[in-house]
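Colleague: Before we discuss the terms used for this chain, could you put the model in front of us?

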Amino acid sequence: MIPNLESPAVTTPHTPSPSASPVPPTATAGGSVLVIGSGGGLGAAMVLALQADARYSQVLGLSRSSSPALDYADEATLAASAQWVAQQCAGAALRTIIVATGYLHSEGACPERSWSQLDAAYLQRVMLVNAIGPALVIKHFAPLLTRERSSCMAMISAKVGSIGDNALGGWYGYRASKAALNQIVKTASIEMTRRSKLSVCVALHPGTVATALSEPFSKTGLTVRTPQVAAQELLRVVHHLQPAQTGGFYDYQGQELPW
Ligand SMILES: NC(=O)c1ccc[n+]([C@@H]2O[C@H](COP(=O)([O-])OP(=O)(O)OC[C@H]3O[C@@H](n4cnc5c(N)ncnc54)[C@H](OP(=O)(O)O)[C@@H]3O)[C@@H](O)[C@H]2O)c1
């Protein structure tokens, strides 16, 4: 049995903290938003949705085919891209970063159904794209987020990365890489709060979305949403997150997920 992209939820409804500000942290207008992975199915839809949103005065996107290009296989491209973003945001503070990169399968490389299929090269790639790359994004880009007002770093994770929710097994590498990402997000959220009490750093589960990543696995009677719908739903969650929710793992409806 292999997991589907949206295994049954063990969810805890989010109850807003009584001390949380009544004003959503990123609801005010102006400033910049950056989407990393802007060439992907979900990332491209997020860029389009943000461009149509008056909340920001500038929408920036980075991918392996943008200029400058950003490729997790080469940390120098992250350093150079961060420099470029700092220049672009000189007059429009960077308020939100969305990391929509990810890897599940490629030509000849598929998620494992059994331990007998574990493969070092696949494990290295899935860890690079889903965990190491986003960690390096935090290193190079988190220092660019404004401290003058509320800010958000949202990493697209996956519910199959939840250890508590793992009832089906399979997909060793993808599950482990997203679990590692979730731990990186939690750890970074603590450091980000020390830097700014108005910051939010979270992992988000997008649900099953019709993209190249899900295409081989999404024909099993699941509810598959378009990237456009998923982007709108995820952005609604991002824009209503409170600093008290930092370090959490939420789905596209804002429900908290188990680690
Ligand atoms: N689709 C779903 O049903 C689903 C379900 C759960 C979670 N997710 C998560 O949602 C996120 C977005 O996925 P998607 O469905 O939009 O997949 P996608 O269309 O395949 O997009 C993947 C993105 O990852 C980028 N990427 C891959 N390798 C990279 C590398 N070495 N360096 C930098 N960027 C790299 C790609 O960049 P290029 O544009 O340069 O190729 C692309 O932007 C991922 O984190 C995925 O795990 C998706």
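**Reasoning behind the terms**

Modeller: In this predicted model, the shell around the ligand is made up of 14 nonpolar, 13 polar and two charged residues.

Colleague: What makes a residue part of the shell around the ligand, and which are the closest?

Modeller: A residue counts as near the ligand if its C-beta atom, placed from the backbone, lies within 6 Å of it. By that criterion 29 residues surround the ligand, and the closest are Gly 39, Gly 40, Arg 64, Gly 102 and Thr 211. Helices α1 and α3 (120–141) each supply at least two residues of this shell, the largest share, three residues, coming from α1.

Colleague: Why is the set of 56 residues called a nonpolar core?

Modeller: The term applies because such a set consists of buried residues of the listed nonpolar types, joined through C-beta atoms within 7 Å. The largest set of this kind has 56 residues, and those with the most contacts inside it include Leu 34, Ile 36, Met 46 and Met 155. Its largest share, seven residues, comes from helix α1 (residues 41–51). Apart from it lies another core, of seven residues, including Tyr 122 and Val 160.

Colleague: How do you know that Met 155 is in contact with Val 99 and Leu 204?

Modeller: Two residues are in contact if their C-beta atoms lie within 7 Å. With neighbours within four places in sequence left aside, Met 155 meets this condition with Val 99 and Leu 204, and likewise with Pro 134, Leu 181, Val 185 and Ala 203.

How values were computed: Residues numbered from 1 in each chain as written. Predicted model: local features only at pLDDT ≥ 70, side-chain atom pairs only at ≥ 80, totals over all residues. Buried ≥ 20, exposed ≤ 12 C-beta atoms within 10 Å, placed from the backbone. Helix = DSSP H or I, 4+ residues; strand = E, 2+ residues; numbered from the N terminus. Nonpolar A, V, L, I, M, F, W, Y, C, P; charged D, E, K, R; others polar.
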